[in-house]
Amino acid sequence: MSRRVVASTPRPAWGNVLLCLLLAALMLGLMALHAGEWEWHSPGVLRWVCALAALLAWLGFTAWLGWHRRERSRRQAALVSPQEQAATDILLVAYASQTGVAEQWARQTAQSLQHANVPVQLVELGHVDAVMLTDARRVLFVVSTTGEGDAPDHAARFVTHCMREPRALASLHYGVLALGDSDYEDFCGFGRALQHWLRQSGATALFDAVEVDNGDPSALRHWQHHLALLSGDAELPDWQVPDYQRWQLVERMRLNPGSLGGPCFHLALRPLEGKALWRAGDLVEIGPRHAPGEVDDWLAACGLEGDVFVERAGRRASLREWLIASHLPERGDVQGKTPLDIVAGLQALPHREYSIASVPSDGALHLLVRQMQREDGSSGIGSGWLTMHADVGGEVALRIRSNPGFHVPVGDRPMVLIGNGTGLAGLRALLKSRIEAGRHRNWLLFGERESARDFYHGDEIQRWQRQGHIERLDLAWSRENESRAYVQDRLRACGDVLRQWVEAGAAIYVCGSLAGMAPGVDAVLRETLGDEAVERLREEGRYRRDVY
């Protein structure tokens, strides 16, 4: 993968002048010290020489300090060259940090995007003004909260000058990483206030905000997942590799043979050690692997033996086992290296996230995975591993990640579940949890291509409807007739019913595609209920999304 080369700005020519001033001051100082050896060593001349030396030293130091500060601001403000700034669409990364943690993650964010050849500008939030936001097209905010929901000190100028009232930011697309501590009552208070102001200003979220509780590494990996999608580079390395557990793949079945879309599979997994617990709405992080044949081809091309054992960092495994979970180096980069040297330079394959489609009482963890294709026609690393290369009965590296923002609502309030494609996975788990709890006021709206091929778990869902577990079911098929109906179209047609359910206290959960479906559903909700009502639902926790 090519890495962007950051052009350095040459030191301005007057930087040499500063050096000359300092040297002149030093020379005059020496002259003053040795004035007794000069002809013009009268007390008056001596005082003038000392004063001039002091003045030149002060001027030189002041000029140097100003130049140093400007250089530091320049390096901090931009990670791309001026030529790139003029020629490309810059993605702004703005941070507000009290103790330095948010700044650290902002810098890591910028570096990851830079790694994917995305032009980035990094800036402290206090240096951002309304003009900069108006001109920007995409901004990622990395912000912490201090005190009881307050902004960090260095963001005070932004809060005072920008956030006092909504701005006209309809062209702005944004993402928010909010850092906080749930031990405080106003958890992520500033991050949430920033989101509210951005929505009031008409800005559009690139994805739902990621909230980090006391440095939770899984939430930070979720942020990296969004960065990979945003940059289009699925191979961005994890900042911290998940602590995977050993699971066994016990079942794999294709659900849509003959579909116009990509192959979609039902998978079932069980833990090999201990008992796993999760809640409906939670996610899994999968450690993908290369196809064994791909690794063998690489070894053969490099003239290496895969069965050679290598011990490093307390782990002893064959070179083949080390390689299968790592980015394969360029063949020319390993020439002349020992197996230990090769292993030392390996970078683990980044994790993949999937919604859990079952509840623990099912006896297995279910996934719904579509087989993705790269531009060259090869399968994606994560989906290819799960749907093609992992052996049924074989081992899969897996970690459950809690996703409290998508857990079922408390109590018996009605629930509207909206999704498309493999987004049905998360909705299926929520429905199972609701049915177990005896909650039957469920309305499912689901969209895919064709009813005959793409109605995943259709028999189960229709059985639930007949049994009264699903009160209302609306389906949209985009390739079944000329109308090309999508799930947001079905929702719009049910506007009166939607208003009735919301007035009865319903919570709305959306799961599926971030491109097309999620913004389409959001637009229909605002069109039907009004912007203020939708924002109120969001603030009350009655409008939740798990979109990707």
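Let's start at one small spot: Asn214 is exposed, with a relative accessible area of 60%. That puts it above the 50% cut-off that counts as exposed. You'll find Asn214 in the loop between strand S6 (210–213) and helix H8 (217–231). Its backbone is worth a look too, since phi is positive here, at about 55 degrees, although Asn214 is not a glycine. Most residues other than glycine have a negative phi. Keep in mind as you look around that this is a predicted model.

A second residue makes a nice companion. His457 also has a positive phi, near 55 degrees, and is likewise a residue other than glycine. It belongs to the loop between helix H14 (451–454) and helix H15 (458–466). Is His457 buried or exposed? With 17% relative accessibility, His457 counts as buried, because the limit for that label is under 20%.

Now zoom out to the whole chain. The protein chain has 548 residues, and 49% of them count as buried. Its secondary structure adds up to 19 helices and 19 strands. Take the contacts between residues at least 6 apart in sequence: 75% of these join residues at least 24 apart. On the outside, the chain exposes about 26,600 Å², with carbon and sulfur atoms supplying 51% of that area.

Next, find the open sheet of five strands. Reading across, the order is S17-S16-S15-S18-S19, and the pairing is parallel. The edges belong to strand S17 (472–477) and strand S19 (543–547); each has a single partner strand, so one side of each is left without a neighbour in the sheet. On average, neighbouring strands here are turned by 10 degrees against each other, ignoring direction. Strands in a sheet pair through backbone hydrogen bonds.

Let's walk across it, beginning at the S17 edge. S16 and S17 run parallel and are joined by six bridges, and Leu444 has Leu473 in S17 as its bridge partner. On to the next pair: S15 and S16 are parallel as well, also with six bridges. There, Gly419 is matched with Phe446 in S16. Over towards the other edge, strand S18 (residues 507–512) pairs with S19 in the parallel sense over five bridges, and Ile508 stands opposite Tyr543 in S19.

Pause on S16, where seven of its seven residues are buried. In a regular strand the side chains alternate between the two faces of the sheet. You can follow that here: Asn442, Leu444, Phe446 and Glu448 point one way from S16, while Trp443, Leu445 and Gly447 point the other way, and all are buried.

So what packs against these strands? Helix H13 (residues 424–436) lies across strand S15 (415–420), strand S16 (442–448) and S18, and runs at about 155 degrees to S15. Helix H17 (residues 495–503) packs on the sheet too, touching S15, S16, S17 and S18, and its direction makes about 140 degrees with that of S16. Trace the chain through S15, H13 and S16 and you have a right-handed β-α-β unit.

Just past S17 sits Ser478, in the loop between S17 and helix H16 (487–493). Ser478 counts as buried, at 6% relative accessibility. Leaving aside residues up to four places away in sequence, what does Ser478 touch? The answer is Glu448, Arg449, Arg484, Ala485 and Tyr486.

There's another open sheet to visit, this one with six strands. Its order is S12-S9-S14-S7-S8-S13, with antiparallel pairing. Strand S12 (352–355) and strand S13 (365–370) are at the edges, and each has a single partner strand, so one side of each has no neighbour in the sheet. Neighbouring strands in this six-stranded sheet are turned by 40 degrees against each other on average, direction ignored. Inside it, strand S7 (residues 245–254) and strand S8 (residues 264–271) pair in the antiparallel sense over seven bridges. Across that pair, Leu249 stands opposite Leu269 in S8.

One last stop: the cysteines. How many disulfides does the structure hold? The count is zero. Cys264 counts as buried, at 0% relative accessibility, and Cys494 is buried as well, at 6%.

Notes: Residues numbered from 1 in each chain as written. Predicted model: local features only at pLDDT ≥ 70, side-chain atom pairs only at ≥ 80, totals over all residues. Heavy atoms only, no water. Pairing = 2+ DSSP bridges. Helix = DSSP H or I, 4+ residues; strand = E, 2+ residues; numbered from the N terminus. Axes fitted to C-alpha atoms, helices over the stretch in contact; angles between N-to-C directions. Contact = heavy atoms within 4.5 Å. Buried < 20%, exposed > 50% of the residue type's maximum accessible area, 1.4 Å probe, protein only. Areas by Shrake-Rupley, 256 points an atom, 1.4 Å probe, with all protein chains shown as cover. Right-handed = clockwise from strand over helix to strand, strands pointing away. Disulfide = S-S within 2.5 Å.
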